[in-house]
Amino acid sequence: GTERLIPFDIIPRIIPAHEWQVMAKGCEQRVLALNAFLHDIYHEQHIIKAGIIPAEQILTNEHYQAAMQGLTLPNHIYAHIAGIDLVRHSNGTYYVLEDNLRTPSGVSYMLENRKMTERLFPELMTQNKVLPIHQYPDFLKSTLLEASAATNAPNIAILTPGRFNSAFFEHAFLARSMGVNLVSGGDLVVKNEVVYMKTTSGLQRVDVIYRRLDDAFIDPLAFDSRSMLGVPGLMSAYRAGNVILANAVGTGVADDKSVYPFVPDMIRFYLSEEPILENVPTWQCRKAADLSHVLANLPDLVVKEAQGSGGYGMLIGPAATKAEIEDFRAKITQTPEAYIAQPTLALSTCPTFVAAGIAPRHIDLRPFVLSGKTVRLVPGGLTRVALKAGSLVVNSSQGGGTKDTWV
């Protein structure tokens, strides 16, 4: 295997309990609305009929899966595991940067960071009444069990693309922590619309699959026929109600960055509540007025691909060269619907241990929201830190690291 090191900063990020309570309620509210939205767009489509979101923005989205239309899921839950990325403005306000509902990763680093901190500073943990997070694997297992209709001890498996995937450590870590099987596509077979796992003692039925594969790869009969990672016939078993997939197929339409600006409207529409957490102001380049504003102010804005991830496909205007700005101008002009833009926020920083000593570095936070019969969060999340001085990109693929998060 290949070593993949993600730097760990020993100085924890500290969040007072009263701030965390607001953030947790805001994340819970947001995920409830997003699950309601996903159920709606695959059924009655009330939000489209009400004119709140344009139909073409949903129905032509590459993550909208026609195979999910009319399929009713247990408890109407599509995103059993969600990662909500938050940033804290220098004025103290928390903003939601993006929602991750497909295969959100990073929770294993949250748990490993805590283990390292406990070994390094055991006395600090007890003196400062830091709330525990070790119960996350138990919460995750309970959430997956609650999703199944099986009455007798549902069998759970984690479906991984394999050891060459960048998050394979996490897949193995969670399987070990929950005491469930880690499987790849070749370990599963579908017979009579039921999923079985191949074992040394014969076939064993699987009731819940926590899948870490993207939609396109999970079933070569239903999606990409070239996929060697998935399970032929898995979608037929899923549509027959004989297996639960967490997260559900088609959840990507809700974490598309062009749908993100509508989440506050979803909260008002489905929950009849005002949003607890604010969105970052966002310009959608598909709109003519927004496009002209973005093109006129590119050096001051952050531009993102609507379906991008991992910190790729971004322009950070204030840090970009003239050539990079002009290159992005051409891309946006050619396919405006593929981009959104946001102002450059004055993100808060956290003391960080660097070569020269201790210095401020920009951070974000990803709490993990589990949706079963109840919504569960552990007090904390994955704090990512931009280790390069002045950088606003915290992704590990772009040179970022992680910190332990103390509530």
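These legends accompany close-up views of a predicted model.

**View 1. A salt bridge joins Glu 19 and Arg 88.**
Here the two side chains meet with an N to O distance of 3.8 Å. The partners come from distant parts of the chain: Glu 19 belongs to helix H1 (residues 17-41), while Arg 88 sits in strand S2 (residues 81-88), and 69 residues separate them. Glu 19 counts as buried, because its relative accessibility is 19% and the cut-off for buried is under 20%. Arg 88, with a relative accessible area of 24%, is partly exposed. If you are browsing for other pairs of this kind, the count for the model comes to 19 salt bridges.

**View 2. Arg 268 pairs with Glu 274.**
In this salt bridge the N to O distance is 3.2 Å. Arg 268 is partly exposed, at a relative accessible area of 37%. Its partner, Glu 274, is exposed, at 54%. As a friendly reminder, side chains of opposite charge can pair when their charged atoms come close.

**View 3. Glu 326 and Arg 329 form a salt bridge within helix H12.**
The closest N and O atoms of this pair are 3.2 Å apart. Both residues lie in helix H12 (residues 322-334), with a spacing of 3 residues, or about one turn of the helix. Both also count as partly exposed: Glu 326 has a relative accessibility of 44%, and Arg 329 has 24%. Elsewhere, salt bridges that share partners join Asp 85, Asp 364, Arg 366 and Arg 384 into one network.

**View 4. Helix H4 has the span expected for its 14 residues.**
Take a moment to follow this helix from residue 107 to residue 120. At 1.5 Å a residue it should span 20 Å, and the C-alpha atoms at its ends are indeed 20 Å apart, so the two values agree. Several of its residues are buried, among them Val 107, Met 110, Leu 111 and Arg 114. Ser 108, Asn 113 and Thr 117 in H4 are buried too.

**View 5. Cys 350 is a buried cysteine without a bonding partner.**
The closest cysteine sulfur to that of Cys 350 belongs to Cys 27, and it lies 19 Å away, too far for a bond. For a disulfide, the two sulfur atoms would have to be within 2.5 Å. Cys 350 is buried, with a relative accessible area of 7%. Another cysteine, Cys 285, also counts as buried, at 1% relative accessibility. For the model, the count comes to 0 disulfides.

Key:
Residues are numbered from 1 along each chain as its sequence is written. This is a predicted model: local features need pLDDT of at least 70, side-chain atom pairs count only at pLDDT 80 or more; totals for chains, interfaces and linings use all residues. Side-chain values use heavy atoms; hydrogens and water are left out. A salt bridge is a side-chain nitrogen of Lys or Arg within 4 Å of a carboxyl oxygen of Asp or Glu. Helices (H or I, at least four residues) and strands (E, at least two) are DSSP runs, numbered from the N terminus. Buried means under 20% relative accessible area, exposed over 50%, partly exposed in between (1.4 Å probe, protein chains only). The expected span of a helix is 1.5 Å times one less than its number of residues.
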